[in-house]
Amino acid sequence: MPQSVRVLVVEDEVALAGVVRDYLLRDGYTVEVAHDGPAAVEAARRVDPDLVVLDLMLPGFDGIEVCRRLREFTDAYVLMLTARDAESDKVAALSTGADDYVVKPVSPRELLARASAMLRRPRSAGSAGPAAGTAGTGGTAPPLVVGGLEVDVDARTVAVDGTAVELTRTEFDLLAAMAASPRTAFTRAQLIEAVWGGPWYGDEHVVDVHVGPLRRKLADDAAQPRFVRTVRGVGYGMGPG
Ligand code: CA
């Protein structure tokens, strides 16, 4: 990683924060550390990080509140650390705009692998999207349309029945990958490949954790889907079930 990549580590366990910081420094990242919620937001404003490694349980206010405040001024990647393997924690973290989560205890090596996978992803509108059906380079692709759903890959906007829907980056990338090939039944591994574009060190279940809030935001019903259907024994696809 180039030295210009800035990582903010937010962790109130000082020893753990130090270990993570040292690993990141050794890999050439620029690192800032904060130990509580308010300090995390202040540090993010100051250093404009590319990636925030954010513990969920923090003094001051928790990681979910930190993430909510970060999203008011930065599109930095947020990797949330959750202490328990609790579904509600993951869903809460991802719905406030975290891009991914890892369950503690996590080894610094795994954390770095997840961080670098995340940083390989496109950050801004107009950059090469994941497995998107754009023809050629630099051209403006027409929006992908699936029923009442419109996905504009270039503008990174989504509308359902003409009404704009706000998605997190990961939700958008998943949706764009599926909408680009609406007849395909994607395996979780294929969706991970499309969104992260590299080897995956985590649990394929991460796809399901993002699909839940994605469906909610699209007002889609898993039992009678209009847009994101579950393909039993495989993964997900687009269109009515
Ligand atoms: Ca903590």
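The following paragraphs lead through the structure, from the chain as a whole to its calcium site, its salt bridges and its backbone details.

The model is a predicted one. Its chain has 241 residues, of which 51% are buried. Eight helices and 12 strands are found along the chain. Among contacts with a separation of 6 or more, 59% join residues that are 24 or more positions apart. The accessible surface of the chain amounts to about 10,900 Å², and carbon and sulfur atoms contribute 51% of that area.

A calcium ion offers a first point of orientation. Three residues coordinate the ion at 2.1 to 2.3 Å: D12 and D55 through OD atoms, and M57 through O. Along the chain, these donors follow the spacing D-x42-D-x1-M. Two of the donor residues may be set side by side in terms of accessibility. D55 has a relative accessible area of 3% and is therefore buried, since buried means under 20%. M57, at 51% relative accessibility, counts as exposed, because the limit for that class is over 50%. D55 also belongs to a network of salt bridges that links it with E11, E13 and K104. The residue thus appears both among the donors of the calcium ion and in this network.

Salt bridges are found elsewhere as well. In general, side chains of opposite charge can pair when their charged atoms come close. The count for this structure comes to 17 salt bridges. One of them joins the side chains of R156 and D173, with 2.7 Å from N to O. R156 lies in the loop between β7 (149-152) and β8, while D173 belongs to helix α6 (residues 169-179), so the pair ties together parts that are 17 residues apart in sequence. D173 counts as buried, at 0% relative accessibility.

Helix α6 takes part in a further pair. E171 forms a salt bridge with K217, and their closest N and O atoms are 2.8 Å apart. This pair links distant parts of the chain, as E171 is in helix α6 and K217 in helix α8 (residues 206-217), 46 residues apart. The two partners fall into separate accessibility classes: E171 is buried at 0%, whereas K217 is partly exposed at 28%. Helix α8 is also reached from helix α7 (residues 188-196), where R188 pairs with D208 of helix α8, 20 residues apart. The side chains of R188 and D208 meet at 3.0 Å, N to O, and R188 is partly exposed at 24% relative accessibility.

Arginine residues also lie over aromatic rings. R26 is over the face of Y23, at 4.7 Å from the ring centre, and R45 is over the face of F73, at 4.1 Å from the ring centre. The structure holds zero aromatic pairs.

The backbone has several features to note. Most residues other than glycine have a negative phi, and most peptide bonds are trans. D48, although not a glycine, has a positive phi of about 50 degrees. D48 sits in the loop between α2 (37-47) and β3 (51-55), and is partly exposed at 45%. D161 likewise has a positive phi of about 50 degrees without being a glycine. The loop between β8 (157-160) and β9 (163-165) holds D161, which is exposed at 51%. The peptide bond from K104 to P105 is cis, with omega near 0 degrees. P105 is placed in the loop between β5 (100-103) and α5 (108-119), and K104 is one of the residues in the salt-bridge network that includes D55.

How values were computed:
Residues are numbered from 1 along each chain as its sequence is written. This is a predicted model: local features need pLDDT of at least 70, side-chain atom pairs count only at pLDDT 80 or more; totals for chains, interfaces and linings use all residues. Side-chain values use heavy atoms; hydrogens and water are left out. Donors are N, O and S atoms within 2.8 Å of the metal (3.2 Å for Na, K and Ca); water is not among the atoms, so sites may look incomplete. Buried means under 20% relative accessible area, exposed over 50%, partly exposed in between (1.4 Å probe, protein chains only). Helices (H or I, at least four residues) and strands (E, at least two) are DSSP runs, numbered from the N terminus. Rings of Phe, Tyr and Trp (its six-membered ring) pair if their centres lie within 6.5 Å; planes under 30 degrees apart count as stacked, over 60 as edge-to-face and the rest as tilted. A charge sits over a ring if NZ of Lys or CZ of Arg is within 6 Å of the ring centre and within 35 degrees of the ring normal. Contact means heavy atoms within 4.5 Å. Accessible areas come from the Shrake-Rupley method with a 1.4 Å probe; for residues, only the protein chains shown count as cover. A salt bridge is a side-chain nitrogen of Lys or Arg within 4 Å of a carboxyl oxygen of Asp or Glu.
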